[in-house]
Amino acid sequence: MARIRWKKHNESGIYTLANSSIQYYIYILFIFDHSNLLLKARNKFSILFSTCLSMIKKSYQKELTISATQQRNGSTNTKKDILKIQSWLSLYEMSHAGAGTLTGIDGDFGPATEMAVKNYQRAIGATQNGIVNQALFAKLSAPLKNAFEGAIAGNGLRQLIVATAKNHLQDHPFELRINQRNNCGPWVRSYLDGFEGEAWFWCMGFVQGIVDQAASLLGKDFRSLMPLTYSCDTVGTTGLQKGILLRYTKVRNNPAIVKPGDIFLVQKTPNDWKHTGIITAIGAETFETIEGNTNEGGSHNGNGVYKRIRNFMGSKLDVFSVEPLV
């Protein structure tokens with residue numbers, strides 16, 4: 001077990017839990033009585049962490065750094081780092097239309113990439129020199145870091161799953177088309193443990209990334225609920241074997257058996273599922289969801305993470321219950 005060191009952050013009761021170079025912040029109510037520190041704990045309390053203590057899916061960390069400063073005609077340039085930079089420049093344009101940062105993703109730091117970097121620097125108020133060092137790259141990749149390490153609040157696993165999904169959603173996770181292939185880019189690789197490409201549908205990778213992050217905040221391993229997989233069929237079959245897959249006919253008859261944080265699976269046949277996502281709210285006839293690898297039409301091979309409304313009375317939506325992990 002790693003050694004844990006506590007350091008007082010300020011007088012407001014915020015303490016820093018430092019482990020190596022990674023810092024974890026736990027916000028707890030402290031009451032000071034002269035020189036004595038009294039910690040009041042309750043059976044139920046809101047958990048606020050800035051990062052996961054023991055996530056299984058950690059590939060996102062590789063997307064947050066470059067090996068050296070990158071610039072036009074730079075002596076330390078590498079194709080891998082330039083691809084990362086170009087990817088984040090393109091993603092920035094997708095969430096900040098008109099910024100002028102959309103450029104080719106080819107690993108060549110040419111005049112177009114240099115201009116895209118300068119436009120990004122102008123957008124954030126930085127010196128426009130066209131050079132990307134680690135500090136600037138950290139700003140480019142900040143949405144991914146916030147999604148996986150930002151503060152998450154919730155009482156219990158279900159609330160944490162929903163809050164985590166909402167946190168990812170606000171950071172605009174989108175895939176990119178690279179080398180004529182869909183399902184690529186830093187968000188996809190983060191959800192799929194480094195994999196990407198045309199054949200790599202990532203809706204289940206997104207779901208498991210969310211459940212993993214939320215479960216780890218409670219010191220739980222999501223693999224006790226389902227195996228690490230990118231397959232909807234594997235999770236659906238696991239649900240059948242464990243008796244925790246609620247068939248769509250049962251859900252239609254009694255929607256109350258579904259709870260926020262559960263996972264929907266779009267049924268193709270009774271033993272074949274083609275898409276998945278997180279259920280965030282349940283209505284009389286509809287689910288509110290957050291799902292990856294979809295689009296405005298609800299595709300199972302779309303381009304990003306979206307919040308959707310799905311009609312479970314008109315669609316075959318089986319539900320995988322996370323209750324055993326709760």
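1. Gly219 takes a positive phi of about 70° just after helix α7. Helices (H or I, at least four residues) and strands (E, at least two) are DSSP runs numbered from the N terminus.

2. This is a predicted model, in which local features need pLDDT of at least 70, side-chain atom pairs count only at pLDDT 80 or more, and totals for chains, interfaces and linings use all residues. Residues are numbered from 1 along each chain as its sequence is written, and side-chain values use heavy atoms, with hydrogens and water left out.

3. Helix α7 covers residues 203-217, and its end C-alpha atoms are 22 Å apart. The span expected from its 15 residues at 1.5 Å a residue is 21 Å, which agrees; the expected span is 1.5 Å times one less than the number of residues. Because 15 of the 15 residues of α7 are buried, the helix is largely enclosed by the rest of the structure. Buried means under 20% relative accessible area, exposed over 50%, and partly exposed in between (1.4 Å probe, protein chains only).

4. Ser190 sits in helix α6 (residues 186-191) and is buried, with a relative accessible area of 1%. A polar atom of its side chain lies 2.7 Å from the backbone oxygen of Pro186. Outside its neighbours within four places in sequence, Ser190 is in contact (heavy atoms within 4.5 Å) with Ser59, Tyr60, Glu63, Leu144 and Phe148.

5. Thr289 belongs to strand β13 (residues 286-294). Its relative accessibility is 0%, so Thr289 counts as buried. Its side chain makes a polar contact with the side chain of Glu291 at 2.5 Å. A polar contact is a pair of N or O atoms within 3.5 Å; within protein, one must be able to donate a hydrogen and the other to accept it, and residues adjacent in sequence count only if both atoms are side-chain atoms. Not counting residues up to four places away in sequence, Thr289 touches Phe264, Ile278, Thr280, Tyr306, Lys307 and Arg308.

6. On the chain as a whole, the protein has 9 helices and 15 strands. Of its 326 residues, 48% count as buried. Among contacts with a separation of 6 or more, 55% are between residues 24 or more positions apart.

7. On confidence, the mean pLDDT (the predictor's confidence in each residue, from 0 to 100) of the protein chain is 88, and 84% of its residues reach 70 or more. Over residues 1-52 the pLDDT is below 50, yet this stretch has 90 contacts in the model beyond near neighbours in sequence. Where pLDDT is low, the predicted coordinates should not be read in detail.
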